[in-house]
Amino acid sequence: MPIYEGDFSTPSGRFAIVVSRFNSLVTEALLAGCRDAFVRHGVGEDRLDVYWVPGSFEVPLVARKLAEAGGHASVICLGCVIRGETGHYDHVAGQAAGGILQAGLATGVPVIFGVLTTETVEQALNRSGLKSGNKGGEAAMAAIEMVNLLKTIDDA
Ligand code: INI
């Protein structure tokens with residue numbers, strides 16, 4: 001029974017990181033975790049392109065444009081939506097998730113969802129480098145795994 005998986009070997013190509021300025025205390029920590037995971041897996045900073053957008057709502061448009069342009073092996077989306085801080089949490093979080101999914105499906109480029117959606121600031125901080133890991137680092141790992149898995153499929 002053949003089993004196909006993406007491994008964490010160093011992939012080739014450039015990687016785009018789209019990151020939201022909203023809640024930048026958190027998103028800068030996500031970006032640092034993402035960058036760190038890439039570098040520790042052999043993808044140097046010279047292969048990372050970072051695109052800042054105003055908020056998570058704007059992430060999908062830029063992610064899709066980059067994925068359509070075809071210059072990156074993967075597009076990683078980073079943001080932070082905190083329910084306690086906004087009345088339109090559901091709209092921002094839901095549209096960001098849906099748009100990011102569509103960017104990947106429409107282009108065939110792995111577009112990674114690294115947008116935190118939390119109830120509180122404390123939860124957001126915990127998931128961006130404090131008690132509960134760093135979602136930005138996880139997003140980088142997901143990008144590497146997906147690029148390597150899709151290469152396996154393309155090469156078959
Ligand atoms: N954007 C976020 O990334 N996180 C939030 O928690 C948030 N809140 O609280 O509203 C938020 N709003 C801004 C939104 O993403 C857009 O930038 C804005 O509506 C302009 O289109």
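This note walks through a predicted model, from its sheet to its helices and a few single residues.

1. **The sheet.** Start with the strands. Four of them form an open sheet, in the order 2-1-3-4, with parallel pairing. Strand 2 and strand 4 (111-118) are the edge strands, and each of them pairs on one side only. On average, neighbouring strands of this sheet are turned by 15 degrees against each other, direction ignored. Trace the order 2-1-3-4 in the structure before reading on.

2. **Strand 1 is enclosed.** Is strand 1 buried or exposed? Count its residues, 15-20: 6 of the 6 are buried, so the strand is largely enclosed by the rest of the structure. Its side chains point in two directions. Phe15, Ile17 and Val19 go one way, while Ala16, Val18 and Ser20 go the other way. Both sets are buried.

3. **Strand 1 beside strand 2.** Strand 2 covers residues 48-53 and pairs with strand 1 in the parallel sense, over 6 bridges. Two pairs help you find the register. Phenylalanine 15 has leucine 48 as its bridge partner in strand 2. Alanine 16 stands opposite aspartate 49, also in strand 2.

4. **The crossover.** How does the chain get from strand 1 to strand 2? The path runs through helix 1 (residues 24-40), and this β-α-β crossover is right-handed. To check the hand, look with the strands pointing away from you: the path from strand to helix to strand should run clockwise.

5. **Strand 1 beside strand 3.** Strand 3 spans residues 74-82. The pairing of strand 1 with strand 3 is parallel, over 5 bridges. Here isoleucine 17 stands opposite isoleucine 76 of strand 3.

6. **Strand 3 beside strand 4.** This pairing is also in the parallel sense, and it has 8 bridges. Use valine 81 as a marker. Its bridge partner in strand 4 is threonine 117.

7. **Helices across the sheet.** Which strands does helix 1 lie across? It lies across strand 1, strand 2, strand 3 and strand 4, and runs at about 150 degrees to strand 3. Helix 5 (residues 135-155) lies across strand 1, strand 3 and strand 4. Its angle to strand 4 is about 155 degrees.

8. **Helix 2 against helix 3.** Helix 2 (residues 59-69) packs on helix 3 (residues 89-107) at an angle of about 10 degrees, and their axes are 8 Å apart. That angle makes the two helices roughly parallel; the cut-off for this term is under 35 degrees. Helix 2 brings Val59, Pro60, Ala63, Arg64, Ala67 and Glu68 to the contact. Among the helix 3 residues they meet are Gln95, Gly99, Ile100 and Ala103. By class, this contact has 8 nonpolar, 4 polar and 2 charged residues.

9. **Asparagine 23.** Check the backbone here. Asparagine 23 has a positive phi of about 60 degrees, although it is not a glycine. Where does asparagine 23 lie? It sits in the loop between strand 1 and helix 1. Its relative accessible area is 23%, so it is partly exposed.

10. **Threonine 27.** This residue belongs to helix 1. Threonine 27 has a relative accessible area of 0%, so it is buried. What does threonine 27 touch, leaving out residues up to four places away in sequence? The answer is Val19, Ser20, Arg21, Phe22, Trp52, Gly79 and Cys80.

11. **Glutamate 28.** Glutamate 28 is found in helix 1. With a relative accessible area of 48%, glutamate 28 is partly exposed; a residue counts as exposed only over 50%. Between glutamate 28 and alanine 140 there are 14 Å in space, C-alpha to C-alpha, and the two are 112 residues apart in sequence.

12. **Valine 92.** Find valine 92 in helix 3. Its relative accessible area is 14%, so valine 92 is buried. It touches Ser56, Phe57 and Val81, not counting residues up to four places away in sequence. Valine 92 is 34 residues from glutamate 58 in sequence, and 9.3 Å from it in space, C-alpha to C-alpha. Val81 is also the residue whose bridge partner in strand 4 is threonine 117.

Notes. Residues are numbered from 1 along each chain as its sequence is written. This is a predicted model: local features need pLDDT of at least 70, side-chain atom pairs count only at pLDDT 80 or more; totals for chains, interfaces and linings use all residues. Side-chain values use heavy atoms; hydrogens and water are left out. Buried means under 20% relative accessible area, exposed over 50%, partly exposed in between (1.4 Å probe, protein chains only). Helices (H or I, at least four residues) and strands (E, at least two) are DSSP runs, numbered from the N terminus. Two strands pair if DSSP finds at least two bridges between them. Axes are lines fitted to C-alpha atoms, for helices over the stretch in contact, and angles run from 0 to 180 degrees between N-to-C directions. Angles under 35 degrees count as roughly parallel, over 145 as roughly antiparallel, 65 to 115 as roughly perpendicular and the rest as oblique. Contact means heavy atoms within 4.5 Å. Ala, Val, Leu, Ile, Met, Phe, Trp, Tyr, Cys and Pro count as nonpolar, Asp, Glu, Lys and Arg as charged, and the others, Gly among them, as polar.
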